[in-house]
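The exercises below are meant to be worked through with the structure open beside the text. Try each task before reading its solution.

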Amino acid sequence: MYPTVLGAKPTHLFIVCSDIRLPAQERFIRGRFGVSKDNGTAVIIHVLGGAGPLARKEQDHSGYEYLQQQILFALRHNPTITTVGPINHQACLWYGGNGVAGEEETDLPVISRNIVTFTTGDPTVRQKVIVRPSFLEFNEGGNRFSGREVTIPMA
Ligand SMILES: [Zn+2]
């Protein structure tokens, strides 16, 4: 038997990469944002490339549409979510595979603005959403990573 979380009122939604090198991403989320899916305060979407497709509609149109629909669905059905946290990481295989290696961090402003634009423009999403992007970096040996929140000028 495994526990369920009933009556959850999540406040945060994260988009993270499925990369197996980052099994502790949820610990970063708990430490930085104080929320967790274990107690129903966070919803986490795992997808290869993390939030990357949201900056790369031309390279991955279906990936962009998929993530947009997933985010809008989560916000529509969880009106208590008011923070969206796109998380990208260094040396992401999705970026390499799409010929845009090294753009993982510099994409975060575009990703954040796109999230604001499509959530604001969707009449079924009633809450006002704040976007707080983060970036994860590997250490020199590649056996650890550290995360930090990235400040984005939204104006
Ligand atoms: Zn990745």
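**Exercise 1.** Which residues does Leu13 touch, not counting residues up to four places away in sequence?

*Solution.* Bear in mind from the outset that this is a predicted model. Begin at Leu13 and leave out its neighbours up to four places away in sequence; the residues it then touches are Val43, Ile71, Ala74, Leu75, Ile81 and Val84. Next, place Leu13 in its wider setting: the largest nonpolar core has 28 residues, and within this core Leu13 and Phe14 touch the most other members. The elements that contribute two or more residues to the core are β1 (12-16), β2 (42-46), α2 (61-77), β3 (83-89), α3 (93-97), α4 (108-120) and β5 (134-138). Of these, β1 gives the most, with four residues.

**Exercise 2.** Determine where the buried residues of helix α2 lie, and find what covers them.

*Solution.* First consider the helix as a whole: α2 has 17 residues, and from its first C-alpha to its last it reaches 24 Å, which is close to the 24 Å expected at 1.5 Å a residue. Then pick out its buried residues, namely Leu67, Ile71 and Leu75. When one looks down the axis of α2, these buried residues fall within an arc of 65 degrees, and therefore they line one face of the helix. On the other side of α2, by contrast, His61, Ser62, Glu65, Gln69 and His77 are exposed. Finally, ask what lies over the buried residues of α2: the cover includes β1, β3 and α4.

**Exercise 3.** Carry out the corresponding analysis for helix α4, and then decide whether Arg113 is buried, partly exposed or exposed.

*Solution.* The helix α4 has 13 residues and reaches 18 Å from its first C-alpha to its last, close to the 18 Å expected at 1.5 Å a residue. Its buried residues are Leu108, Ile111, Ser112, Asn114 and Ile115. Seen down the axis of α4, they fall within an arc of 165 degrees, so they line one face of the helix. On the other side of α4, Thr117 and Thr120 are exposed, while the cover over the buried residues includes α2, β3, β4 (130-131) and β5.

Now turn to Arg113, which is found in helix α4. A residue counts as buried with 20 or more other C-beta atoms within 10 Å and as exposed with 12 or fewer; because Arg113 has 16, it is partly exposed. As a last step, compare sequence with space: Arg113 and Ala55 are 58 residues apart in sequence, and their C-alpha atoms are 9.3 Å apart.

Terms used: Residues are numbered from 1 along each chain as its sequence is written. This is a predicted model: local features need pLDDT of at least 70, side-chain atom pairs count only at pLDDT 80 or more; totals for chains, interfaces and linings use all residues. A nonpolar core is a set of buried Ala, Val, Leu, Ile, Met, Phe, Trp, Tyr and Cys residues joined through C-beta atoms within 7 Å. Two residues are in contact if their C-beta atoms, placed from the backbone, lie within 7 Å. The expected span of a helix is 1.5 Å times one less than its number of residues. The arc is that of the directions from the helix axis to the C-beta atoms.
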